[in-house]
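Welcome! Please take a moment to look over the sequence and the 3D view, and then we will walk through them together.

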Amino acid sequence: MEQIPYKIYLRENEIPTAWYNVRADMPTKPAPLLNPGTGKPMTAEELSGVFCSELVKQELNDTDRFIPIPDAIRDFYRMYRPSPLVRAYCLEEKLQTPAKIYYKFEGNNTSGSHKLNSAIAQAYYAKEQGLKGVTTETGAGQWGTALSMACSYFGLDCRVYMVKVSYEQKPFRREVMRTYGATVTPSPSDTTEIGRQIRAAFPDTNGSLGCAISEAVEDAVSHPGYRYVLGSVLNQVLLHQSVIGLETKAALDRYGVVPDIIIGCAGGGSNLGGLIAPFMGEKLRGERNYRIVAVEPASCPSFTRGRFAYDFCDTGKVCPLAKMYTLGSGFMPAPNHAGGLRYHGMSAVLSELYNEGMMEAVTAKQTDVFKAAEQFARVEGILPAPESAHAIKVAIDEAMRCKETGEEKTIVFGLTGTGYFDLVAYEKFHNGEMTDYIPTDEELNKSLATLPVV
Ligand SMILES: *Cc1c(COP(=O)(O)O)cnc(C)c1O
């Protein structure tokens, strides 16, 4: 057979023409979002006050297997897609493993992560609807950066509420966003009602994603011509991210490679949901079987220690309720350097699949994750984002298991982004100042006790 190249590049005309909607193949659909006031499923009309109309349709669409990607979005994708699927020959050699390791690299754009795949879609639909702009939250800053790039492309105003601690610790991210014309506000701020309430209740707070979401939603619903957009968790975001999985599958198919294990880090679940989508589809249809593994930080273990229940998506409790694996909307994770993985909840799609035993989840400790990141950077050349390094860690663990058993398993993982804006975290790691705080059962029980009764 033809030798598999280091990088499998698809051609530009092989960029998917439609997103794949895994919900269409799920026998049990993810539970609907509920209106917290009435306890009834959110209607399209209710959702349209917050989200763009076309995105509301995608959010509620559990039946269409494929949803065409508009040409304007595909044209933007051409700037940085198809992304390479890399055979990690150097890592395999270094580990002396018989396993075959592949990673899909999504860090090849200025935002440095996969988030641009959904940002451009969300900005496009906002523009199509004739809106003036969008509001959002950002934690570590990757989503805000991606959205500001997408908004400037379509000439939309972009207002980003950035978790205060990140705003202060990551001035460079902030400047990238401002370069693309976004307004960036540290959250909690005094410019929204909910921000003022949170500041009054917790004067010393460093902010959280949940707080920033509440502020961004309030901003959108109180200004005509604005809608709120979200970078993860929602069904629509997983749908857009399916380009990752579709390209991965096309590249593997070209060489007749069938993965045994597919691994991704899980914050809100969008990159993992996108990467696994077509593979999960085959699994759901009974055509093939794969081991699918979500990796989450031990400091924010939604799948592995959370509860599958209806919960608020935000701290301010202004958003609808979602049925998901959650640690409670009041959960404030310890300051962990994988900012993109600090969300208390998880995608409803992945939560349902996990609950059905269609996928597994494991946790990784921060220092182990950075060890894996460094090991990877030294042989594969790419400086990974701390979030992505969670997947690297478990991919290496699996490869080392193959070394013990002599099995030649094929492992595919998602390398979601680069870590150039995370060098303070790398510095802490190198100086031996990194900690591995893991929440106690008592702490988790306390935040889980605040789950709403539905
Ligand atoms: C945001 C982010 C993640 C986690 O978000 P998901 O929605 O779970 O994919 C992972 N990696 C990077 C680089 C990110 O920016």
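Let us start at Cys300, which is buried because its relative accessible area is 2%, and buried here means under 20%. Keep in mind as you look that this is a predicted model. You will find Cys300 in the loop between strand E11 (291–297) and helix H13 (302–305). What does Cys300 touch, leaving aside its neighbours within four places in sequence? Cys300 is in contact with Leu327, Phe331, Pro333, Leu341, Arg342 and Tyr343. You can also look back along the chain to Gly267: Cys300 and Gly267 are 33 residues apart in sequence, and their C-alpha atoms are 8.8 Å apart in space.

Now zoom out to the whole chain. It has 18 helices and 15 strands. The radius of gyration of the chain is 20 Å, close to the 22 Å that the globule rule gives for 454 residues, so the chain is as compact as a globular protein of that length. Along its principal axes, the C-alpha trace spans about 60 × 50 × 45 Å. Of the 454 residues, 63% count as buried. If you take the contacts between residues at least 6 apart in sequence, 76% of them join residues at least 24 apart.

What about the outside? The chain exposes about 17,200 Å², and carbon and sulfur atoms supply 51% of that area. As for charge, there are 46 positive and 53 negative side chains. The centres of these two sets lie 1 Å apart.

Next, look for the rings. The structure holds 19 aromatic pairs. One of them is made by Phe308 and Tyr325: their ring centres are 4.9 Å apart and their planes are at 10 degrees, so this pair is stacked, given that planes under 30 degrees apart count as stacked. Phe308 sits in strand E12 (residues 307–312) and Tyr325 in strand E13 (residues 321–326), so the pair ties together parts that are 17 residues apart in sequence. Buried or exposed, how do Phe308 and Tyr325 count? Both of them are buried. Elsewhere, ring pairs link Phe76, Tyr77, Tyr80, Tyr124, Tyr125, Tyr153 and Phe154 into a cluster.

Let us turn to the backbone, beginning with two cis peptide bonds. One joins Arg81 and Pro82, with omega about -10 degrees. Pro82 has its place in the loop between helix H3 (71–77) and strand E4 (85–87). Another cis peptide bond joins Ser187 and Pro188, and here omega is about 5 degrees. Pro188 lies in the loop between E8 and helix H9 (193–201).

Strand E8 (residues 183–187) is also the home of Thr185. Thr185 counts as buried because its relative accessibility is 17%. Not counting residues up to four places away in sequence, Thr185 touches Val160, Tyr161, Met162, Tyr167 and Thr191.

Where can you find a positive phi in a residue that is not a glycine? Gln96 is an example, with phi of about 55 degrees. Gln96 is found in the loop between helix H4 (89–95) and strand E5 (100–105). For Val233, phi is near 65 degrees, a positive value in a residue other than glycine. Val233 belongs to the loop between strand E9 (226–228) and helix H11 (235–254), and with a relative accessible area of 10% Val233 is buried.

To finish, visit two residues that lie in helices. Phe172 is part of helix H8 (residues 171–179). This residue counts as exposed because its relative accessibility is 61%, and the cut-off for exposed is over 50%. Phe172 and Ile382 are 210 residues apart along the chain, and their C-alpha atoms are separated by 20 Å.

Val379 lies in helix H15 (residues 366–380). Is Val379 buried, exposed or partly exposed, and what is its relative accessible area? With a value of 22%, Val379 is partly exposed. Not counting residues up to four places away in sequence, Val379 touches Cys90, Leu91 and Lys94. Val22 makes a useful second marker: Val379 and Val22 are 357 residues apart in sequence and 35 Å apart in space, C-alpha to C-alpha.

Note on methods. Residues are numbered from 1 along each chain as its sequence is written. This is a predicted model: local features need pLDDT of at least 70, side-chain atom pairs count only at pLDDT 80 or more; totals for chains, interfaces and linings use all residues. Side-chain values use heavy atoms; hydrogens and water are left out. Helices (H or I, at least four residues) and strands (E, at least two) are DSSP runs, numbered from the N terminus. The radius of gyration is taken over C-alpha atoms; the globule rule is 2.2 Å times the number of residues to the power 0.38. Buried means under 20% relative accessible area, exposed over 50%, partly exposed in between (1.4 Å probe, protein chains only). Contact means heavy atoms within 4.5 Å. Accessible areas come from the Shrake-Rupley method with a 1.4 Å probe; for residues, only the protein chains shown count as cover. Lys and Arg count as positive and Asp and Glu as negative; His and the chain ends are not counted. The place of a charge is taken as NZ of Lys, CZ of Arg, CG of Asp or CD of Glu. Rings of Phe, Tyr and Trp (its six-membered ring) pair if their centres lie within 6.5 Å; planes under 30 degrees apart count as stacked, over 60 as edge-to-face and the rest as tilted.
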